[in-house]
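User: I would like a close look at one loop of this model, please. Take me through it slowly, and then show me how the parts around it are put together.

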Amino acid sequence: MLNRIRLGLAVALALMFTLPMGTAMAQPYDAVESSNLATVRAGFDAWANGTGSPYDSLAQDVTWEIVGNSVASRVYTSKADFIDNVIAPFNARMSQRLIPTIRDMYTDGDTVIVFFDAEGTARDGLPYRNTYAWFLTLREDKIVKASAFFDSIAFDDLWKRVSPAP
């Protein structure tokens, strides 16, 4: 009986290491996924280089949600709403711009997930560092929906500590 169990375990291990893993194996991206990744990557590259940002790809009627309990957490219902109430006041608190470093990007269908760190210097001379995860839904190379996650303690500290430049 013990020999049968050992044989069964040996066969199971052999199959586990020789058979394809099914859904765990990486699949190539389709044309939409590849295009969406390229759009988001280009926005992040422009942001890192100081020549643009992912916000350049926002649809005018984008829905951008900042998830959680930060001072900026809510759903923004347009590009202007989001830029005017989050990005412009954030940038006005910085003396050196925020620079992103992507840790990883994923895509599935019309959604791109970007996991990244960003760092800059606030107007009071202190560094601002945060880690973000953005879930971006794209249509025709435009971001139409976003859900953003980040460390709200670091964000709120900056927001409350530093007054925006006039």
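Analyst: Happy to! First, a word on naming: helices (H or I, at least four residues) and strands (E, at least two) are runs assigned by DSSP, and they are numbered from the N terminus. Please also keep in mind that this is a predicted model.

The loop to look at lies between strand E5 (127–139) and strand E6 (142–150), and Glu140 is found there. Asp141 sits in this loop between E5 and E6 as well. Together, E5 and E6 form a hairpin with two residues between them.

Now for the backbone. Most residues other than glycine have a negative phi. Glu140 departs from that sign, with a phi near 50 degrees. Asp141, which is not a glycine either, has a positive phi of about 65 degrees.

How exposed are Glu140 and Asp141? Glu140 has a relative accessible area of 79%, so it counts as exposed, because the cut-off for exposed is over 50%. Asp141 has a relative accessibility of 36% and is therefore classed as partly exposed.

Next, follow the two arms of the hairpin away from the turn. E5 and E6 run antiparallel and are joined by eight bridges. Among the facing residues, Leu136 is opposite Ala146 in E6, and Phe135 is opposite Ser147 in E6. In a regular strand, side chains alternate between the two faces of the sheet. E6 also has a pairing with E1: these strands run in the parallel sense, over five bridges. There, Leu58 has Ile143 of E6 as its bridge partner.

Both arms belong to an open sheet of six strands, in the order E2-E1-E6-E5-E4-E3, with mixed pairing. Strand E2 (75–76) and strand E3 (94–108) have a single partner strand each, so they stand at the edges and one side of each lacks a neighbour in the sheet. Helix H2 (residues 31–49) packs on this sheet, where it touches E3, strand E4 (111–122) and E5; the direction of H2 makes about 160 degrees with that of E3. Helix H3 (residues 79–91) packs on the sheet too, touching strand E1 (58–66), E2, E3 and E5, and its direction makes about 60 degrees with that of E1. E5, one arm of our hairpin, is thus touched by H2 and by H3.

One residue of H2 deserves a stop: Glu33 lies in that helix. Glu33 is buried but has no salt bridge, and the nearest side chain of opposite charge, Arg139, is 14 Å away. A polar atom of the Glu33 side chain does lie 2.7 Å from the backbone nitrogen of Gly109. Setting aside neighbours within four places in sequence, Glu33 is in contact with Pro28, Thr107, Asp108 and Gly109.

Finally, step back to the whole chain. The protein chain has four helices and six strands, which follow the pattern α-α-β-β-α-β-β-β-β-α along the sequence. It has 166 residues, of which 38% count as buried. Of its contacts with a separation of 6 or more, 54% are between residues 24 or more positions apart.

Technical notes: Residues numbered from 1 in each chain as written. Predicted model: local features only at pLDDT ≥ 70, side-chain atom pairs only at ≥ 80, totals over all residues. Heavy atoms only, no water. Buried < 20%, exposed > 50% of the residue type's maximum accessible area, 1.4 Å probe, protein only. Pairing = 2+ DSSP bridges. Contact = heavy atoms within 4.5 Å. Axes fitted to C-alpha atoms, helices over the stretch in contact; angles between N-to-C directions. Lys, Arg positive; Asp, Glu negative; His and termini not counted. Salt bridge = Lys/Arg side-chain N within 4 Å of Asp/Glu carboxyl O. Polar contact = N/O pair within 3.5 Å; in protein donor to acceptor, adjacent residues only side chain to side chain.
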